[in-house]
Amino acid sequence: MAFSLFGGDNPLNDEKVLSADDWKQLFEESRRQAVTALLYDALLMLTKEQRPSRSVLFHFLSMTQTIERDNTLRHQALVAFQDEVMQPLGLPTVVVKGSAIARQYPNPLHRECGDNDLYTGSDTESIARRLESLGIEVDRKDPRHISFIFHDVDFECHSYLLYHNDDPKWLNVPIHPETATYALPLYQHLFFLAKHMEHHAVFFHNPIRLRDLIDWCILLRSGDFDLEALRKIKSGTDVDLFIELMTLYCNRLFGTDFPCQVPDTLVADDFDLLYMQCPERHRLAIVRVARRSWKYIRYGRKYRALYGQSMFRRFYINNVWVAMRNKLIPA
């Protein structure tokens, strides 16, 4: 990824040859990290001697074509949603994550997406009623958003984006004027992404994936990015130093040189330890609690440097009430 997206050196040379098993493992890992199409782009930049066998390359190509097809269908559904739902209501379509990030990539179709996420704020309920008038079933179980299937694509329309319902005033900028679609300004989008990643890594114990880190760097290097605006909006929040540490880690991982301000007590690898080394969810709650508690104890000083308090206090006192409210308590 550093080689293909960020101008890094070719990681392979005449002395480093990957075996068939190595390529197979790399393919499987790329699927877990949601970067298969991006890795395929990198493979095409290698010399013919450095590329994997045709059979392995075919697996990458086949998966890449699937990703392209899914992204095309997702975009077509988004355009149809604007035409059939939002335009009749006189509302803008504000896209978050997904295609709003993909448009910054060299090949937008190669950035994997899950669904179409929209910020609809106080208009969410009127959109739900419009969908139901069209015969579309709407799921309202999550207080943050409604979810539904439109033109065979999953959608979520968010009443608010942050998990504590403490959203700032979100702004929007046009991304596709011809289809009346919008996105958050980059500094706000980065703030939201950091909040989303950090919350899932800490609250749900889901590891941050390579795709998330690539998204971060792709947006940071955009000409529209305002560093001072990002630092202003994150100041004093629970992702203030998380953002700086993640940027430091990305610099080490991809060879980039984005500005970051990290306390002397933290190093780049701490990001990997705290937010990427998460075991698979165990079926027993007591095991999950024990694992989380041991991690909080083992890296207590690092967590305090990041949050100014112990993770026991932050997780169990500050966050469990949110899970109880949303009926999504992770043990």
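Colleague: Are Phe 271 and Tyr 275 buried or exposed?

Modeller: This is a predicted model, in which local features require pLDDT of at least 70 and side-chain atom pairs pLDDT 80 or more, whereas totals for chains, interfaces and linings use all residues. Residues are numbered from 1 along each chain as its sequence is written, and side-chain values use heavy atoms, without hydrogens or water. On the accessibility scale (buried under 20% relative accessible area, exposed over 50%, partly exposed in between; 1.4 Å probe, protein chains only), both Phe 271 and Tyr 275 are buried.

Colleague: How many aromatic pairs does a search of the whole structure find?

Modeller: Rings of Phe, Tyr and Trp (its six-membered ring) pair if their centres lie within 6.5 Å; planes under 30 degrees apart are stacked, over 60 edge-to-face, the rest tilted. Applied to the whole structure, the search yields a total of 14.

Colleague: What is the angle between the planes of Phe 271 and Tyr 275?

Modeller: The rings of Phe 271 and Tyr 275 lie 5.1 Å apart, centre to centre, and form a tilted pair. Because Phe 271 and Tyr 275 are four residues apart in helix α11 (residues 268–276), about one helical turn separates them. The angle between their planes is 45°.

Colleague: Which residues form one aromatic cluster with Phe 150 and Phe 155?

Modeller: Phe 150 and Phe 155 are both buried. The cluster that holds Phe 150 and Phe 155 is completed by Phe 81 and Phe 148.

Colleague: In which sense do strands β3 and β4 pair?

Modeller: Strands (E, at least two residues) and helices (H or I, at least four) are DSSP runs numbered from the N terminus; two strands pair if DSSP finds at least two bridges between them. β3 (residues 145–150) and β4 form a hairpin with two residues between them, and His 151 in the turn has a positive phi of about 55°. One of the bridges places Ile 149 opposite Asp 154 of β4. Over six bridges, the sense of the pairing is antiparallel.

Colleague: Which residue of β4 is the bridge partner of Asn 116?

Modeller: Strand β2 (residues 116–119) runs parallel to β4, and four bridges join the two. Strand β4 (residues 153–158) is mostly covered, with five of its six residues buried. The β4 partner of Asn 116 is Phe 155.

Colleague: Which residue with a positive phi follows helix α9?

Modeller: Helix α9 (residues 227–234) has several buried residues, among them Ala 229, Leu 230 and Ile 233. Its buried residues also include the charged side chains Arg 231 and Lys 234. After α9, a positive phi near 80° belongs to Gly 236.
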